[in-house]
Every structure is written in C-alpha cells, then in structure tokens.
Amino acid sequence: MTDSPVLAAADAQPSAPSASRGALAWRTLSAFATRAALAATVSGSIAVFLSSDLAPRRAAEVLEAERAARPAAVQQPQPAVATATKAANEATSTVERPEAEVVRERLFAAVSRCRPTLNRSERARIAEAIHQEAERHGYDPMFVMAMVEVESTCSPTANSPRGAVGLTQLRPSTAKAVAKEVGVPWQGRTTLVHPVLNVRLGLSYLTQLLEQFGDPYLAMAAYNMGPTRVSSMPKHRARGSRYVKKILARYQGLLDEHA
C-alpha cells in the first residue's frame with residue numbers, strides 16, 4: 001500500500017527525542033490553532049487532524065524558554081507564587097486524568113464497533129495503543145482511530161493483497177526503514193502485528209511524509225499511494241482523493257458521535 005520512504009542515514013541528522021523533526025515543526029506552525037479549526041470538517045482547516053492540546057503545550061514551551069532565559073536570581077518564585085503555581089498544577093492534573101479516561105473509553109467503544117469479534121483484552125490493547133501513540137506523535141486520537149478503521153477495520157493481523165500488514169497497513173520494507181529511523185527494534189513482520197509498534201511506525205511514517213510534503217493532505221495521500229506518485233500532485237487533488245476523503249469523513253463521524 002505504501003512505497004518505501006526515502007530516509008536519511010541514521011547518523012546524518014539526529015532525530016528529536018520524543019517526536020520527529022516533522023512533528024515538532026508542525027506543532028510550532030499550528031501552535032495557536034483553535035479547537036474549531038482542529039475539529040474541522042473535510043472542507044475545513046488543513047490542521048484538521050492535529051491534537052487539540054497543541055496550543056497549551058506550545059504555550060508552556062514558550063513560558064519555559066522565557067523562564068530559562070532569566071537571570072538565576074529571578075527564577076526562584078516567591079512563596080506565594082510557588083503555592084499558587086502548585087495549586088494550579090494540581091488542579092490541571094485533576095482535570096486531565098478524567099479526560100484521558102474519557103478518551104480511552106471512547107476509543108474502546110470505537111474499536112468495539114469496528115471489530116466486535118475481538119475479545120475485550122484485544123480491544124483494550126488496541127485502544128490503548130492508539131491513545132498512547134497519538135499522544136506521543138501529537139495527533140488527535142480520534143483521527144488515528146479513523147485511520148486504523150479505514151486501513152484495517154481494526155484487525156491487528158490484517159494483510160492486504162499488496163503486502164501491507166497490521167492496524168495501519170504498512171509494508172514491511174517501509175516499516176523496516178522507518179523502524180531504523182525512529183529506533184524501534186525490527187523483528188520482521190512480527191513487529192507489525194504488535195498494536196503499539198504498528199501504530200507507532202504508522203504515525204512515524206505519516207509524520208515523515210508531513211515533513212517531506214509540508215501539507216497534511218499530500219502526506220495522507222502519499223501514505224496511501226506512496227510518495228513517488230504524490231510528488232507532483234496538486235494539493236487540491238490530494239484533498240479530493242478518495243482515500244483522504246474517506247479518512248476525514250470517518251474522523252468527522254467519530255467527532256460527531258462524541259460531540
């Protein structure tokens with residue numbers, strides 16, 4: 001389903017510690033996008049599938065950079081400020097924990113509808129893989145869920161006639177190159193039937209394509225057709241392709257279900 005990506009040698013340019021250079025660049029460009037834009041319909045913002053928490057994350061990064069740049073004497077907060085900061089952090093943590101649980105429950109329900117023949121443990125494992133890797137790469141979990149539904153109907157052992165394997169339907173040749181780039185141990189096709197590793201490699205590959213093409217629609221089209229076929233494709237054509245429209249329509253459907 002996908003062509004092997006043209007990847008730089010592992011020692012040519014070091015990768016970022018928790019996300020690829022493409023993901024970091026995309027986060028910076030989309031730092032202050034609104035929730036409305038992030039949850040746009042197929043005809044909406046090009047930031048459609050980025051996680052809705054990118055803006056606060058980026059704001060925190062900016063504040064941290066400013067704090068680090070101050071003289072050491074200024075960095076120590078006054079007791080009252082420290083107390084208020086601690087209380088705010090605790091309040092934020094209290095809010096975030098239930099939200100994560102809600103997202104996991106929604107993913108579990110979506111996987112259950114997508115592939116009801118899986119046992120409960122398998123469904124939970126796939127839902128957790130999607131949640132974990134969406135957070136790692138900075139994507140909306142519901143977009144990743146839509147991608148998994150369209151690619152494999154949530155079957156961790158899916159095999160396509162063209163040799164793609166697993167939840168995100170990667171060819172072993174593509175997955176092996178991506179695994180080397182991001183530091184995932186490669187054990188052949190076995191790696192691709194592992195839900196977490198499959199979704200990690202799939203999103204890593206999509207992020208590499210985002211970096212290569214600079215446009216999410218072109219990146220999604222390249223994920224489906226291969227980067228060679230998309231290299232000269234106009235953005236509007238990628239946006240109107242059957243594959244892209246199918247994923248974004250399913251993504252919008254998932255958002256509507258939980259609105």
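**Entry 1: Glutamate 149 and arginine 250**

I looked up the contact between glutamate 149 and arginine 250 in this predicted model and found a salt bridge whose closest N and O atoms are 2.8 Å apart. The two partners come from distant parts of the chain: glutamate 149 belongs to helix α7 and arginine 250 to helix α14, with their positions 101 residues apart. I then asked how accessible each partner is. Glutamate 149 counts as buried because its relative accessibility is 14%, and buried means under 20%. Arginine 250 has a relative accessible area of 22% and is therefore partly exposed. I noted further that salt bridges with shared partners join Arg113, Glu149, Arg250 and Glu257 into one network.

**Entry 2: Glutamate 133 and its partners**

How many salt bridges does the structure hold? I recorded 6. As general background, side chains of opposite charge can pair when their charged atoms come close.

Glutamate 133 meets arginine 136 in a salt bridge, with 3.0 Å from N to O. Both residues lie in helix α6, and because they are 3 residues apart there, about one helical turn separates them. Arginine 136 is partly exposed at 35% relative accessibility, whereas glutamate 133 is buried, at 0%.

Glutamate 133 also forms a salt bridge with arginine 200, where the closest N and O atoms are 3.1 Å apart. Since glutamate 133 is in helix α6 and arginine 200 in helix α10, this pair ties together parts that lie 67 residues apart in sequence. Here I found both glutamate 133 and arginine 200 to be buried.

**Entry 3: The disulfide**

I next searched for disulfides and counted 1. A disulfide is a covalent bond between the sulfur atoms of two cysteines. In this model cysteine 114 is joined to cysteine 154, with an S to S distance of 2.3 Å. Cysteine 114 is in helix α5 (residues 79-114), while cysteine 154 is in the loop between α7 (141-152) and α8 (172-182), so that the bond links distant parts of the chain, 40 residues apart. Is the disulfide right-handed or left-handed? The torsion about the S-S bond is about 110 degrees, so I entered the disulfide as right-handed. Cysteine 114 and cysteine 154 are both buried.

**Entry 4: The largest nonpolar core**

Which residues touch the most other members of the largest nonpolar core? Among its 56 residues, they are Phe143 and Met145. I listed the helices that each supply at least two residues of this core: α5, α6 (120-137), α7, α8, α10 (195-213), α11 (216-225) and α14 (242-257). The largest share, 9 residues, comes from α10. In soluble globular proteins, nonpolar side chains tend to be buried together.

**Entry 5: Aromatic pairs**

I counted 3 aromatic pairs. In one of them, phenylalanine 143 and tyrosine 251, the ring centres are 5.9 Å apart and the planes stand at 90 degrees, so I recorded the pair as edge-to-face. Phenylalanine 143 lies in helix α7 and tyrosine 251 in helix α14, 108 residues apart, and the pair thus links distant parts of the chain. Both phenylalanine 143 and tyrosine 251 are buried.

For tyrosine 205 and tyrosine 223, I noted ring centres 5.5 Å apart and planes at 45 degrees, so this pair is tilted. Tyrosine 205 is in helix α10 and tyrosine 223 in helix α11, so the pair ties together parts 18 residues apart in sequence. Tyrosine 205 and tyrosine 223 are both buried.

Finally, I noted that ring pairs link Tyr139, Phe143 and Tyr251 into a cluster.

Definitions and conventions
Residues numbered from 1 in each chain as written. Predicted model: local features only at pLDDT ≥ 70, side-chain atom pairs only at ≥ 80, totals over all residues. Heavy atoms only, no water. Disulfide = S-S within 2.5 Å. Helix = DSSP H or I, 4+ residues; strand = E, 2+ residues; numbered from the N terminus. Buried < 20%, exposed > 50% of the residue type's maximum accessible area, 1.4 Å probe, protein only. Core = buried A, V, L, I, M, F, W, Y, C linked by side-chain atoms within 4.5 Å. Salt bridge = Lys/Arg side-chain N within 4 Å of Asp/Glu carboxyl O. Phe/Tyr/Trp six-rings, centres within 6.5 Å; stacked < 30°, edge-to-face > 60°.
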